[in-house]
Amino acid sequence: MQLVDDHEVRRLEKPRKRGYLSVFGEHELIRMVYGSRETQRIEYATLDHRLQLPESKFSYLVQDWSQSLAVEMSYSQFYAVMNNVLNLEIRVSSLERMTRHYSSDAESYWDNSTATPAPQGQFVMATADGKGIPIHKASNDVPIADHDPSQKPKSDRKKMALLGAVYDN
């Protein structure tokens, strides 16, 4: 089989497993794949292509919900909600990886966007919102949950993630 970039691959002898997590639960897909050798990475999977599966094991809906809800609550709260509502276990580390993956597009978006000057005599609105993100430290450090909120806040426990927007009427 020849891929789009004229790279030659062959169908590997053994079917390969792939995990897939949707709102209906976790599934294991067994499918035939293409690559250069058995021990090398998979270069093409016909089933993945036909079903338009995402690169990660999480369905597009799960990815969308995770990113939409993660801006409203902490990752650990999101984990609890998804576990209680849909009986899905989506680890905090997976949510962090998804966020890092999606954030990689932000720089090119801003590089390709152009600022539009506001017309004279109209309102220009600006808003900003911040969310404290817990810092994960080494296992011998005191966990963030051990902080007593009745005392003064301790520095270096959270970093602030800021989001801003500017628009006109």
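In this predicted model, strand β4 (residues 33-35) lines up with β5 in the antiparallel sense, and the pairing runs over two bridges. One of the matched positions is Val-33, whose bridge partner in β5 is Ala-45. The pair belongs to an open sheet of three strands, which reads β1-β4-β5 in order and has antiparallel pairing. At the edges sit β1 (10-11) and β5 (44-45), each of which pairs on one side only. Strands of a sheet can pair either parallel or antiparallel, and backbone hydrogen bonds do the pairing.

Then there is the hairpin. It is made of β2 and β3, with two residues between them. Strand β2 (residues 16-22) and strand β3 (residues 25-31) are antiparallel partners, and seven bridges join them. Within this pairing, Arg-18 is found opposite Leu-29 of β3.

On to the helices. Two packed helices are described by the distance between their axes and the angle between those axes. For helix α2 (residues 60-70) and helix α3 (residues 75-86), the axes come within 10 Å and cross at roughly 135°. At that angle α2 and α3 are therefore oblique to each other. The crossing in which α2 passes α3 is right-handed. On the α2 side, the contact is made by Trp-65, Ser-66, Leu-69 and Ala-70, while α3 brings in Tyr-75, Phe-78, Met-82 and Leu-86. Sorted by class, this contact of α2 with α3 comes out as seven nonpolar residues and one polar, with no charged residues.

Helix α2 also meets helix α4 (residues 92-103): their axes come within 10 Å, and the crossing angle is roughly 90°. That makes α2 and α4 roughly perpendicular to each other. Here α2 uses Gln-63, Ser-66 and Gln-67, and the α4 side consists of Leu-95, Met-98, Thr-99 and Tyr-102. The class count for α2 with α4 is three nonpolar and four polar, again with no charged residues. Ser-66 of α2 thus turns up in the contact with α3 and in the one with α4.

The remaining pair is α3 with α4. Their axes come within 9 Å and cross at roughly 115°, and α3 passes α4 in a right-handed crossing. From α3, the residues touching the partner helix are Tyr-75, Ser-76 and Phe-78; from α4, they are Val-92, Leu-95, Glu-96 and Thr-99. By class, the α3 and α4 contact splits into four nonpolar residues, two polar and one charged. Tyr-75 and Phe-78 appear here as well as in the contact of α3 with α2. Likewise, Leu-95 and Thr-99 of α4 face α3 in this contact and also take part in the one with α2.

As for α3 itself, the helix has twelve residues and spans 16 Å from its first C-alpha to its last, close to the 16 Å expected at 1.5 Å a residue. Right after α3 comes Asn-87, which has a positive phi, near 60°.

Technical notes:
Residues numbered from 1 in each chain as written. Predicted model: local features only at pLDDT ≥ 70, side-chain atom pairs only at ≥ 80, totals over all residues. Heavy atoms only, no water. Axes fitted to C-alpha atoms, helices over the stretch in contact; angles between N-to-C directions. Helix = DSSP H or I, 4+ residues; strand = E, 2+ residues; numbered from the N terminus. Parallel < 35°, antiparallel > 145°, perpendicular 65-115°, else oblique. Left-handed = near helix turned anticlockwise from the far one by under 90°. Contact = heavy atoms within 4.5 Å. Nonpolar A, V, L, I, M, F, W, Y, C, P; charged D, E, K, R; others polar. Pairing = 2+ DSSP bridges. Expected span 1.5 Å × (residues − 1).
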